[in-house]
Amino acid sequence: MRKINYIIISILFSFLFIILYSSLDNERIYNTKDLIGKKISQVEINLFQSNETINTEEFINNEFTILNFWASWCAPCRKEHPNLVRLSKIKNIKLVGVNIKDNVESAKSFLKENGNPFDILAEDKNGKNSVNFGVYGIPETILIDSELKILKKYIGPLNIKDVNEIRKLVKK
Amino acid sequence: MKTIINILLLFFFITSESHANENLNNKILKNLRCLVCQGQTVQDSNSEFALIIKSVVKDKIKEGNSEKEIYQFLSEKFGDWILLNPPFKKNSYLLWFLPYLLFILGIILLFFLLKKPKIRSKE
């Protein structure tokens, strides 16, 4: 009888050990792995300081599209801006900037000061539209292909490594 | 008289509906994880992210979306991580069944531990 008890206790302990040990490697912070390969939503985005809108469906015409969510009040956005300028030089990428919850004049002077790398400049005045793209903080950058599938999503400012990675991803 | 009753009925209908919407809103927000906070729900947080999600959920309820549809929408956008109640999927079978499995194993263990050996009692 004791043998059975020992067996059950050892099974329980080894089971718990495996569970706890395997969970050591589990990431406890949000990552965007689940979003890769998914299609972005077909939504209308307001163009910056205009009554016109652009539908994300129109990105089908681009070989690759980069959606960058930024604001002039966001310090990391200022840091990543030179990298966006670098990306704007890649011919098969259309760069779409979505200005979030920003003061219009500040946004304009930000672009005047740092250069405007965006092919299309859009805005999201209350931040609600950005939820459609799974944006939860800025800056965030989404690289999509012509099928509107997410190839990569970057949370936080883009660095030179990210730029090189994007270069590789869009290389024919 | 009829008009007054109609007005009262309309008033009752509007207030009861808004109350139901508010309850649903609170229920949903309590089940959403604030992605930029440490262990807080969207309901408990006042972060920029939580405020936007609160507003989006409110809009979705107004548009007539069901609780399930709202969870599905947010999980599509942010992944299942935003849901505090993980969905029943292939990779979460263990998570759902583990407590029951441990409970059954515990009962079996207790049964064997509490069962007195017959041979000893005869002695």
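Starting at the N terminus of chain B and walking along, you meet the elements in the order α-α-α-α-α. Counted up, that gives chain B 5 helices and 0 strands. Keep in mind while you look around that this is a predicted model.

Now hop over to chain A. What does its secondary structure come to? Chain A has 4 helices and 7 strands. Follow the sequence and you'll find them in the pattern α-β-β-β-α-β-α-β-β-β-α. Try tracing that on the structure above: chain A opens with a helix, goes through three strands, and ends on a helix again.

Next, think about the overall dimensions of chain A. Its C-alpha trace spans about 80 × 35 × 30 Å along the principal axes. You can also look at the radius of gyration: chain A has 22 Å, while a compact globule of 172 residues would come in near 16 Å.

How much of each chain is tucked away? In chain A, 31% of the 172 residues count as buried. For chain B, with its 123 residues, the buried part is 15%. "Buried" here is about having neighbours: a residue gets that label if 20 or more other C-beta atoms lie within 10 Å of its own.

Finally, let's see which parts of each sequence meet. Take the contacts in chain A between residues at least 6 apart in sequence: 74% of them join residues at least 24 apart. Apply that cut-off of at least 6 to chain B, and 39% of the contacts join residues at least 24 apart.

Note on methods: Residues are numbered from 1 along each chain as its sequence is written. Chains are lettered from A and ligands numbered from 1 in the order in which they are written. This is a predicted model: local features need pLDDT of at least 70, side-chain atom pairs count only at pLDDT 80 or more; totals for chains, interfaces and linings use all residues. Helices (H or I, at least four residues) and strands (E, at least two) are DSSP runs, numbered from the N terminus. The radius of gyration is taken over C-alpha atoms; the globule rule is 2.2 Å times the number of residues to the power 0.38. A residue is buried if 20 or more other C-beta atoms lie within 10 Å of its own, exposed if 12 or fewer, and partly exposed in between; C-beta atoms are placed from the backbone. Two residues are in contact if their C-beta atoms, placed from the backbone, lie within 7 Å.
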